Amino acid sequence: MRLVAYVRLVYHTSETDCITVYAKCNRFLPSCEKLQDELEWIGYSTEPLFFGLESITAKCVFEGNGTEEGVQSAEQLLQNNRHLLEDQIQEARIEGVDVYTSDAFSVCKKLFYAQENDPLARISLKEKIISEENFHAIQDQGYVTMECLKYNDRIQEIIKEATSSLAGRDDHDVTSSIKGTCPGDYKWFFPGPATYRSDLILWINRDSERIISGPFSFLLDFFDALGHELSSRIKLRGERELQFSCFKGGGQSSGYLKHTDALPDDGSDETSVQRRVTAILYCNADWKPAHEGELKIWKREFHGAGFELVAPSQGKLVIFLSGCVHHQVMPTKEDRFAATCWYR
């Protein structure tokens, strides 16, 4: 059976860092009779301690006959490779061994084609939105952020339209769990529950004459083109959902709690209705750090865990695998607009 061992190492930050320590772990040799040749390091997380000390917990996967025997094998592995850690490690021990099950990212990563599925899908576009580096980032860490500043004029028109539409709405209590709509030409909804999220949303589709004849039509064209590019590398069924959202400022927003947009999906089930890729285009001019409202993205343990805060500034595009990237919308002090597209 596949087992995972948790190796805890303590070091002083003035002498080394987590990346260097983890790299040394990757040089460990399975020099023990009970430990078979297959040895895979699948990530790490860090924790600050005190007086400049920091700990790293690295995860190692190997074959074994059970967790009890696995602990012995892991301890021998650490002992036989202790010399690779030199004198920079203050403490080294095995925290425990569990039966290994595939993590959500490993499942979602199977959505990528082994090679580009349709090279013409991207060549046919006038301008590529996603670079090779962007695709590699999604495949390596589950998400990528990029700038689409060349669309700022179109985004500015959307901001003006959305602001004007919401200006005439009634003052609904967004802390209420009751769903409602706002008056006007656009049908804004409170999706709720308010204990979990506090945004107003507007569905964007070609069934609405008001949508296709106004500034929001740009979002339909933009996310269609983006989906065309994504499908050249990722298994998609050609279905999507597109919405425009507003988290109100002025103390009305509690954000959106930590979540994923779907269950892990590897693309093997053709009947699956799970979302596979999420893309968010932010539409907020002159966004400042004091406005807050960041998108908080939790990183994979392979990259040291922790999180990244992404400012929702105008033209910022975030793309991530829907079934494995945990994220949260932080409360905002100013009205915060975003267009989100889910590809299936």
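User: Happy to start with a tyrosine: is Tyr186 buried or exposed?

Analyst: In this predicted model, Tyr186 has a relative accessibility of 3%. Buried means under 20%, so Tyr186 counts as buried.

User: Which kind of pair do the rings of Tyr186 and Phe216 form?

Analyst: Good one to check by eye. The ring centres of Tyr186 and Phe216 are 5.3 Å apart, and their planes meet at 80°. Planes over 60 degrees apart fall in one class, so the Tyr186 and Phe216 pair is edge-to-face.

User: How many residues apart are Tyr186 and Phe216?

Analyst: Tyr186 is in the loop between helix 6 (152-167) and strand 6 (199-203). Phe216 is in the loop between helix 7 (209-212) and helix 8. The pair therefore links distant parts of the chain, and the separation is 30 residues.

User: Phe216 also pairs with Phe244; which parts does that pair tie together, and how many residues apart are they in sequence?

Analyst: The centres of these two rings lie 5.2 Å apart with planes at 70°, so Phe216 and Phe244 are edge-to-face. Both residues have 0% relative accessible area, Phe216 and Phe244. Phe216 lies in the loop between helix 7 and helix 8 and Phe244 in strand 7 (residues 240-247), so the pair ties together parts that are 28 residues apart.

User: Which residues do ring pairs link into a cluster?

Analyst: The structure holds 12 aromatic pairs. Ring pairs join Tyr186 and Phe216 to other members, giving the cluster Tyr186, Trp188, Phe216, Phe244 and Phe337.

User: Which helix gives the most to the largest nonpolar core?

Analyst: That core has 63 residues, and Phe223, Leu226, Phe244 and Ile319 touch the most other members. With 7 residues, the top contributor is helix 8 (residues 217-230).

User: What is Leu226 in contact with, leaving aside its neighbours within four places in sequence?

Analyst: Leu226 is one of the core members that touch the most others. Setting aside those sequence neighbours, its contacts are Ile129, Ile130, Ala279, Leu317, Ile319 and Tyr343.

User: How many disulfides does the structure hold?

Analyst: A disulfide is a covalent bond between the sulfur atoms of two cysteines. Cys246 is buried at 0% relative accessibility, and Cys283 is buried at 0% as well. The disulfide count for the structure is 0.

User: Which ring does the charged end of Lys258 sit over?

Analyst: The charged end of Lys258 is 4.3 Å from the centre of the ring it covers. A charge counts as over a ring within 6 Å of the centre and within 35 degrees of the ring normal. The ring belongs to Trp298.

Conventions. Residues numbered from 1 in each chain as written. Predicted model: local features only at pLDDT ≥ 70, side-chain atom pairs only at ≥ 80, totals over all residues. Heavy atoms only, no water. Disulfide = S-S within 2.5 Å. Buried < 20%, exposed > 50% of the residue type's maximum accessible area, 1.4 Å probe, protein only. Core = buried A, V, L, I, M, F, W, Y, C linked by side-chain atoms within 4.5 Å. Helix = DSSP H or I, 4+ residues; strand = E, 2+ residues; numbered from the N terminus. Contact = heavy atoms within 4.5 Å. Phe/Tyr/Trp six-rings, centres within 6.5 Å; stacked < 30°, edge-to-face > 60°.
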